[in-house]
Amino acid sequence: MIKILHLVDDEFQSQNAAKCDLLIHIGIETFQYAIIDKVRDELKALVEYELPEISNQGDLIEAIRSLSECSKEFKYPFNTIKISFDSYQYTFIPDELYQSGNDQEYAKFLKTSQNTNILCNPIPAAKLKNIVGINSDLHLALNSIFHHPKIYGQASTYIQGIKKNYKQNTEPSLFIDIHKKHIQIAYFKQSELSFYNMFDCINADELNYFVLNIIESLQLDIEQTSVILSGNVIKDDEYYQRIEKYFKDIKFADCSTIVNHPEMFIGVFSHTFFSLLTLDQCE
């Protein structure tokens, strides 16, 4: 892995871990982690690695095991360890329709292989259960590398984070989370989830296609719809310019509403880590 960002508070030591949560996001292109002091509600570490060309789950597992943090920092006795991972294998079941013990039946809606474990992630803020598939080797590895981790599909953390941080938004809102090889898009109307999906997306032209398709299929009133951006996007880059063609009210996700950012983190585009930091709000 190639280290892109490494910000760690010098005051953070192993003896402080018991009052901290370790948050990890295993993306398609990146591996990110954060440490949050739960007593002070304060960010203590923010680290990002670029994943090399990963051709299979074995390569991914080996890349994670090879991190120096796995032999030191990740062994600290954290209060809680939460891990999210990107997966196209998911389906939502409304709470009122969900029946405990039927997860394997719900999994029939997913395109899974025999080497897949099924997780059920509650999304309480949206009153949904997210049934998500995870490679069984990766699942086993994460449980052996980390101490009793709580594991979530990316849709769970993204939707829960939006609902928790934008619960006052009653106007139509389109949330777009942009990365090098994929995007997440969620649409909320009157604070209720109306649409969510994750798409392969490798450039601004493809983003433009998906945005236009969603405007048409959801019949969005672009004058009344606000857009909240997160992920690998900054103002006036190609992605931002494509979105600006259609929408006037564009904002970046405000991660300071999730956790306090000490001065050493102020210069970071924290909206890049929205999907990571919203892990802190998963139950």
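**Rings, a helix pair and two buried residues**

Let me begin with the aromatic residues, where ring pairs link Tyr90, Phe92, Tyr158, Tyr196 and Phe274 into a cluster. I should say at once that what we are looking at is a predicted model, and please keep that in mind for everything that follows.

Across the structure there are 17 aromatic pairs. One of them joins Tyr166 and Phe175, whose ring centres are 5.2 Å apart and whose planes stand at 65°, and because planes over 60 degrees apart count as edge-to-face, that is the class of this pair. As for the surroundings of these two residues, Tyr166 and Phe175 are both buried.

Phe274, which I named as a member of the cluster, comes up again when we turn to Gly161, a residue of helix α4, which spans residues 154–165. If we set aside the neighbours within four places in sequence, Gly161 is in contact with Phe274, Thr278 and Gln281. The relative accessible area of Gly161 is 0%, so this glycine counts as buried. Along the chain, Gly161 and Cys255 are 94 residues apart, while their C-alpha atoms are separated by 9.9 Å.

Now to the helices, and here I would like to ask how the axes of α1 and α3 are arranged. Helix α1 covers residues 57–65 and helix α3 covers residues 136–145, and their axes come within 10 Å and cross at roughly 10°. That angle is why α1 is described as roughly parallel to α3, and the crossing of the two helices is right-handed. On the α1 side the contact is made by Gln57, Leu60, Ile61, Ile64 and Arg65, which meet Asp137, Leu138, Ala141, Leu142, Ser144 and Ile145 of α3. Sorted by class, this contact between α1 and α3 consists of seven nonpolar, two polar and two charged residues.

The last residue I want to show is His179, which sits in the loop between strand β10, residues 173–178, and strand β11, residues 182–189. Is His179 buried or exposed? Its relative accessibility is 14%, and since buried means under 20%, His179 counts as buried. When residues up to four places away in sequence are not counted, His179 touches Glu29, Cys201, Gly231 and Asn232. For a sense of distance, His179 and Ile24 lie 155 residues apart in sequence, and from C-alpha to C-alpha they are 17 Å apart in space.

Key:
Residues numbered from 1 in each chain as written. Predicted model: local features only at pLDDT ≥ 70, side-chain atom pairs only at ≥ 80, totals over all residues. Heavy atoms only, no water. Axes fitted to C-alpha atoms, helices over the stretch in contact; angles between N-to-C directions. Helix = DSSP H or I, 4+ residues; strand = E, 2+ residues; numbered from the N terminus. Parallel < 35°, antiparallel > 145°, perpendicular 65-115°, else oblique. Left-handed = near helix turned anticlockwise from the far one by under 90°. Contact = heavy atoms within 4.5 Å. Nonpolar A, V, L, I, M, F, W, Y, C, P; charged D, E, K, R; others polar. Phe/Tyr/Trp six-rings, centres within 6.5 Å; stacked < 30°, edge-to-face > 60°. Buried < 20%, exposed > 50% of the residue type's maximum accessible area, 1.4 Å probe, protein only.
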